[in-house]
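The following exercises concern the structure shown below. Each task is followed by a solution that proceeds step by step.

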Amino acid sequence: MDFPTDANVLVGLERADDAGVYRITDDVALIQTVDFFTPVVDDPYWFGQIAAANALSDVYAMGGVPRTAMNLVAFPSKTMDMSILRQIIQGGIDKMKEAEVALVGGHSIEDKEIKYGLSVTGIIHPDRVLTKKNLRPGDRLVLTKPLGTGIVNTAIKAGMASDQLSEMVTRLMAALNRDAARIMTGYDISACTDVTGFGFLGHLAEMVSGSGKGVRIEAQRAPVISEALELANMGLIPAGAYKNRDFRNDMIIVAETVPRGLVDIFFDPQTSGGLLIAVARHQADDFAAALVEAGMPRAAIVGDVIDTADEKIWVA
Amino acid sequence: MKEIDARGLACPAPVLQTKAALQEENIDHLRVVVDNAASQQNVQRFLESQGFEATLKQAGADYLVVGARTGQPLPQDEPKTAAVAEGDTKKIMVMCASDRMGFGDDVLGRKLMINFLKTLKEMGPDLWRLVFVNNGVKLTIEGSAALPDLKAYENDGLKILVCGTCLDHFGLLEQKRVGETTNMLDIVTAMQLADRVINI
């Protein structure tokens, strides 16, 4: 398909990156993104927060700062109490306030199923845009949030998750990636993306594909929600995780020593997951420590970029 | 052989149906039919976690899992999380904004408070959060008569939240001996999630 474009499009559709980037002047580029989905938790207020955090995340993943947002709402107003919609939007608004983003408009339609999300505009210096590409040999990979939200959400649906676990995961999904993005500006970062529907290894595969580099993941260092491992072993895995695995099968080589449940978690689709960041080797420890210090206690170095033309991911 | 037809069901329903069947009767051999590969692998994982050997087969559009019991479930099969999902416990949050109970005689008030905290355990599993703010934080510091009881609660898994701003205000940050130092956002969130909040 031939997409309309012009010379100021720095990141467009052909890149399939987290957001589009458009140069306005030599110093300012716009970052634009839109995301919405059906409820992932029962509580409407928390759903609003999670949907907003998830939409804002694409701007953070480009290294930018979100500035304005618009609500996207689909709601069955004839059959459902409007107070539910108010709570969803209140959740979104509170998350926007936390992110210091102005709500400037929106659009709502009547629909059988609830959907909510945001269209977000952010800004960035055109020279500082972080895409999924440009991995450098020697870079270390850092992940900011623990994995396993899709599995835990499946267990919640099955009535097999405790209140404490469900509360913890709700907070995790509602947590902004803002502080991680802010900290990135002080370090030598080559590439970044946020971990969402394709899972950790699926999004990593997007970074590796076309990079001319390989990646080695140290499975035991990856942050995971500990309960997710038990739940994965009981078969409470969303179908998307299997799709993610089958889609990237050729690129990923998993050592036999890695437990099956952990591999399941690595392909688990995440809702509003953390940032996956490639940072210069000599800064990696400081960078990870700064993330932990800033309130991301599970942030960790998870692997290395290897100088090999074989675009493969080795998980050991 | 027990047959379970879970065709037409999306994850996690086939696993739940299999789980229910195993709970209902003692089964050593079973065959589960699903209509997609993801459900097939999930049922396989579940059966393996329950001490079965699972074999996968495909027949036309059907995906089969044939299970044969080889042993007892692995120890991890009863996650701590499962028992809590019964859903009949309430979440009660008790917030103590003072180190004494009621007004009038302060000596009596302090004694009552210690006794109150000791007796709280009668709430059983419904007791979900214990929060200390303002003067209440003094109950959590070195030398507090409530400390042994509070530590016992914490050991039993009760989450105790202690207001960091309040500790700081009284210069007691270093003396806190029990609970997690917390902020107002955590307290407000806990209030929102609780089924009942009791203020002392």
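**Exercise 1.** Determine the strand order and the edge strands of the sheet with 7 strands in chain A.

*Solution.* Step 1: the open sheet of 7 strands has the order 8-11-7-12-9-13-10 in chain A, with mixed pairing. Step 2: strand 8 (189-194) and strand 10 (252-254) of chain A are the edge strands, each pairing on one side only. Step 3: from one strand to the next, the twist averages 20 degrees. Here helices (H or I, at least four residues) and strands (E, at least two) are DSSP runs numbered from the N terminus, and two strands pair if DSSP finds at least two bridges between them. Axes are lines fitted to C-alpha atoms, for helices over the stretch in contact, and angles run from 0 to 180 degrees between N-to-C directions.

The model is predicted: local features need pLDDT of at least 70, side-chain atom pairs count only at pLDDT 80 or more, and totals for chains, interfaces and linings use all residues. Residues are numbered from 1 along each chain as its sequence is written, while chains are lettered from A and ligands numbered from 1 in the order in which they are written.

**Exercise 2.** State how strand 10 of chain A is joined to strand 13 of chain A, and which helix packs on this sheet.

*Solution.* Step 1: strand 10 and strand 13 (residues 313-315) of chain A run parallel and are joined by 3 bridges. Step 2: Ile253(A) has Trp314(A), in strand 13 of chain A, as its bridge partner. Step 3: helix 10 (residues 284-293) of chain A packs on the sheet and touches strand 7 (140-143), strand 11 (275-279) and strand 12 (300-306) of chain A. The direction of helix 10 makes about 5 degrees with that of strand 7 of chain A. Two residues are in contact if their C-beta atoms, placed from the backbone, lie within 7 Å.

**Exercise 3.** Describe the sheet of 6 strands in chain A and the helices against it.

*Solution.* Step 1: this open sheet, also of mixed pairing, follows the order 1-2-3-6-4-5 in chain A. Step 2: strand 1 (9-11) and strand 5 (102-110) of chain A each have a single partner strand, so one side of each is left without a neighbour in the sheet. Step 3: 4 bridges connect strand 2 (residues 20-23) and strand 3 (residues 29-37) of chain A, which run antiparallel; Gly20(A) stands opposite Gln32(A) in strand 3. Step 4: helix 1 (residues 44-61) of chain A packs on the sheet, touching strand 3, strand 4 (65-75) and strand 6 (115-124) of chain A. Step 5: helix 2 (residues 82-99) of chain A lies across strand 4, strand 5 and strand 6 of chain A, at about 175 degrees to strand 4.

**Exercise 4.** How many residues of helix 6 of chain A are buried?

*Solution.* Step 1: a residue is buried if 20 or more other C-beta atoms lie within 10 Å of its own, exposed if 12 or fewer, and partly exposed in between, with C-beta atoms placed from the backbone. Step 2: in helix 6 (residues 199-208) of chain A, 9 of the 10 residues are buried, among them Phe200(A), Leu204(A) and Val208(A). Step 3: just after helix 6, Gly210(A) takes a positive phi of about 85 degrees.

**Exercise 5.** Identify which helix of chain A gives the most residues to the side that touches chain B.

*Solution.* Step 1: the contact takes 21 residues from chain A and 23 residues from chain B. Step 2: helix 7 (226-233) of chain A is one of the elements that give two or more residues to that side of chain A. Step 3: helix 7 gives the most, with 4 residues.
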